[in-house]
Each structure stands twice: as C-alpha cells, then as structure tokens.
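Visitor: I should like to take a close look at a single part of this model, namely the sheet. Could you please guide me through the way its strands are put together?

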Amino acid sequence: MSRQFVVRRPLPEFTLWEKMASGRAVFSFDFEMTARCNLDCRHCYINLPAGDRAAKKRELGADEIGRLGGEAAALGAVWCLITGGEPLLRKDFFDVYRALHRRGLLLSLFTNATLVDEEHVRFFKKYPPRDIEVTVYGVTKETYERVTRTPGSFDAFLKGLDRLLASGVNVRLKAMALRSNMHEIAAIGDFCRARTKDYYRFDPHLHLRFDRDEARNSGILAERLSPEEVARLERLDPERFGALTAACDELIAPEAPASDCRHLFRCGVGQRSFVIGPEGLLRPCLSLHHPDFLYDLRKGSVADAWTRFVPEVLKRETNRREYLEKCGTCPVVNLCLWCPAHAYLETGELDLPVEAFCRIAHARAEGLKCG
Amino acid sequence: MSDKIDLGKVYAPSEDIVVREIEGEVVIVPLVSGIGDMEDELFTLNETGRDIWNKIDGSRTVAAVVRELAEEYDAPAGLLEELLVRKMVVEKE
C-alpha cells in the first residue's frame with residue numbers, strides 16, 4: 001500500500017487556517033522596521049527623515065527583532081509583514097529579514113522599491129518572500145515626485161520595480177488616492193494592472209500622523225479627497241464597487257441598530273494579529289497609538305502582551321453620549337472609517353465621532369444605493 | 001549530493017527549512033527557493049510521517065531508523081526518499 005507521508009498544499013488550501021479560525025489566536029503580525037524613509041510623501045502618517053539619528057538609535061536591533069519574531073512564532077504566528085517607514089533603508093535589512101525568516105514565518109514586505117538593487121534581487125530570489133507590495137504614487141515624474149517631494153525618486157522607483165518584476169518575485173502594486181495624484185489615478189490603475197498578476201487596490205483614506213505633528217497633519221488634510229470624490233472613485237472601480245455592492249446588505253443596516261453595548265472596540269482588533277513598532281512597542285492594531293494601549297516589548301514579552309495586555313485593552317468601555325447615540329447606533333457604521341484608533345488620531349479622544357468620516361460614510365452609502 | 005538513500009548514512013533536517021508545530025500540525029516551511037514546487041506552498045506531515053521525521057535527527061543511520069520503525073510501518077523509506085528529493089534532509093557531514 002502506498003502512503004503519502006508529506007502533504008503538499010498551496011497556502012490558500014491549507015487546513016491550518018480553518019483550525020485557527022475558531023477562537024482568539026495569533027495568525028500574523030506587522031513589524032515596522034523603522035519609521036524613517038528616503039522619501040518625504042505628503043500624505044504619510046509615519047515617515048521621519050532617513051538620517052534621523054535619534055529615531056535610528058531607538059530602533060530595535062536585528063537580534064531583538066529575531067527574538068520577538070521567535071516569540072510570535074511560538075504563539076503560532078504564521079505570517080509577518082515587514083513594513084516601515086522604508087525597511088530597505090536599514091543597513092542590516094538582510095540580517096533582520098533572515099532573523100524572522102529563520103523562525104519559519106512567511107514574510108511579506110512593503111517597500112517603495114526606490115532602493116532595490118541587484119543585491120536585493122539576488123537575496124529575494126534565494127529567500128523568497130510570500131509577496132512584496134509597492135505603492136505607485138504616480139506614473140509620471142512630475143506627479144510621482146510631487147507626492148514624494150524627492151527629486152530623482154521616480155527614476156529610482158521605475159528601476160527598482162523593473163528589477164523586482166524581472167526577478168519573478170511575487171509583486172503586488174497599489175496606490176494611495178490623494179489630491180496631488182487624483183488626475184492620474186486611472187492611469188496609475190492601468191500601470192499597476194499591466195504589471196502585476198495579483199489584484200490591484202487603491203486607498204483614498206489618508207490617516208493622520210502617529211506623532212500628531214500639526215504641520216504635517218495639515219498637509220495630509222489638504223491631500224484628502226472630498227467625500228463625493230471618494231464615493232465617485234469607488235463607483236468607477238469595477239472590482240471595488242462590485243465587492244461593495246455584493247456586500248451591500250451587510251454594509252448598510254435597514255434601520256438604526258438598537259444597542260446598549262458600551263465596548264469601545266467592536267472590530268476584530270486583538271483577535272488575530274498585532275503590530276510591533278520600530279522601538280519595540282506592541283499595539284493591537286496599526287492605527288492604535290493611544291499611550292494606554294502600547295506595550296513595551298523591551299521590558300516584557302510577546303506572550304505577556306498577547307495573553308494579558310491585549311485582552312485588558314479590549315475590555316475598555318465608554319459612556320460618552322455623543323459616541324453612543326451617533327456612531328453606536330449608526331446604520332452605515334460598516335462603511336465608516338470610524339474606530340477608536342482613528343478617532344484618537346483625529347480628535348485626541350478615543351470616543352468622539354469624526355465629522356469627516358461621517359460625511360464619507362454617508363456619501364459611500366448614497367453611492368451604493370444609486371449603484 | 002545524491003537523491004538516493006544510502007541506508008548506512010545518517011541524515012539530518014536541512015538548514016534550508018524550518019519545522020514548526022502549529023495547532024497540532026507539523027508544518028515544514030521552506031526557507032529557500034527550489035524546495036516547494038510552487039512559490040506559496042507549505043508542507044505538512046501525516047501522523048506516520050511525523051513519527052519517522054522525529055527519528056531523522058542526525059544521530060541514526062537510515063538502517064537504524066528503518067529497524068526502529070519496521071515493526072510498525074510498511075515503508076518508512078518512502079518518506080526519506082521524498083524528503084531527500086526535496087532537499088528537506090541532507091547528508092550529515
């Protein structure tokens with residue numbers, strides 16, 4: 001009788017996902033290698049100058065990153081997203097990547113591609129990431145560099161991207177839709193779809209700065225599209241609009257849901273993933289920067305953060321009437337960007353409604369009804 | 001290195017893979033290209049494969065592994081061949 005000892009399965013068919021779907025379990029985590037970046041994008045929520053010595057000094061070392069990756073893997077994490085800032089800016093990028101890879105983590109990488117050279121390509125071919133995501137800020141030098149505010153960055157981006165595409169590494173392309181590239185957003189979509197076998201997506205929602213830098217925040221606000229423009233962009237994208245339309249019944253409640261739930265966190269935060277910042281602060285989600293919800297991994301462990309700290313975070317409740325009466329019972333809340341993390345970035349409070357998000361949610365709902 | 005099994009040799013897990021146990025499953029994660037047939041493929045071992053794998057630890061010859069398992073399993077060498085072809089185990093220097 002012949003037996004199959006080794007079972008090979010493509011990732012999407014892996015039975016492990018079904019097992020992990022029940023109950024709270026670590027599936028993935030994001031690792032921000034640095035907040036520094038060689039570009040200076042107008043809309044960026046995190047970037048610090050490439051040469052920011054103080055920021056560099058505070059960053060975790062490759063050994064620390066390897067240790068934390070191992071702790072996450074021991075909890076069952078399968079996937080790790082390496083992001084930044086620009087991860088390739090780190091001189092020890094290869095060491096950091098290998099330190100995580102050796103733990104048996106599947107790796108994804110977000111990069112702007114401008115620093116990708118032949119050495120990176122050889123490395124990625126030998127130690128393939130699951131995928132590399134590159135954001136396309138424009139398809140002309142003028143537009144790209146209007147967003148990045150970095151002369152020469154468009155040529156560097158094209159060269160780096162061509163290198164990645166030629167290497168056969170799985171590359172996914174995406175875009176941010178902002179005032180400075182709005183006129184080119186259709187061409188950006190065409191550019192991306194022509195170069196990647198994977199899906200293309202764009203994001204019109206610009207987050208405010210994690211460091212609450214007022215001057216940079218006013219620049220981000222100036223780049224935000226109007227609610228009508230966001231809704232219109234979605235209607236013009238067949239894939240996105242199709243998905244929204246298909247889920248319409250879930251996204252728009254027939255009437256305002258009655259709820260006496262006072263929990264602040266009503267999304268899936270803290271159930272499957274977490275984020276580790278450049279300095280080793282673990283937070284339950286990417287945008288959640290409130291000081292009450294940061295856990296210092298340099299003084300503790302991933303296991304303690306996951307099993308003790310995050311569940312405590314999720315218990316947080318609110319009694320604020322503005323939130324409970326408005327967002328707490330809103331029928332289009334599933335189309336809204338509102339969450340405690342975003343509310344904190346926008347207002348400095350975790351439980352205040354955000355008027356700008358409210359307008360976008362209702363414009364999107366209107367667009368869906370019209371569609 | 002040959003892909004054929006030498007019963008007198010000692011094999012050990014390759015440094016180009018990581019073996020993890022997640023939710024009770026033994027998962028083999030390739031670290032380098034050329035081990036999986038597809039770019040996004042993982043490997044698991046069935047229960048029998050897991051028992052055999054645990055003995056391929058760089059301390060026993062294949063003959064010894066076979067001897068230990070022969071009473072319980074039909075053809076443990078089948079797993080070794082498959083692991084060797086995939087370079088998941090390598091000849092111990």
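Guide: In this predicted model, strand S1 of chain A pairs with strand S4 of chain B, residues 41-45, in the antiparallel sense, and five bridges connect the two. One point of contact can be located by residue: Pro10(A) has Glu41(B) in S4(B) as its bridge partner.

From S4(B), the path leads on to S3(B): these two strands also run antiparallel, joined by two bridges. Here Ile28(B) is matched with Phe43(B), its bridge partner in S4(B).

Strand S3 of chain B, residues 25-30, is in turn linked to S2(B) by six bridges, again with antiparallel directions. Within this pair, the bridge partner of Glu21(B) is Val26(B) in S3(B). S2(B) and S3(B) form a hairpin, with two residues between the strands. In the turn lies Glu23(B), whose phi is positive, at about 50 degrees.

Taken together, the four strands make an open sheet with antiparallel pairing, and their order is S1(A)-S4(B)-S3(B)-S2(B). The edges are occupied by S1 of chain A, residues 6-10, and S2 of chain B, residues 17-22. Each of these has a single partner strand, so one of its sides is left without a neighbour in the sheet. On average, neighbouring strands of this sheet are turned by 30 degrees against each other, direction ignored.

As you follow the strands, a general rule may be kept in mind: side chains in a regular strand alternate between the two faces of the sheet.

Key: Residues numbered from 1 in each chain as written. Chains lettered and ligands numbered in written order. Predicted model: local features only at pLDDT ≥ 70, side-chain atom pairs only at ≥ 80, totals over all residues. Pairing = 2+ DSSP bridges. Axes fitted to C-alpha atoms, helices over the stretch in contact; angles between N-to-C directions.
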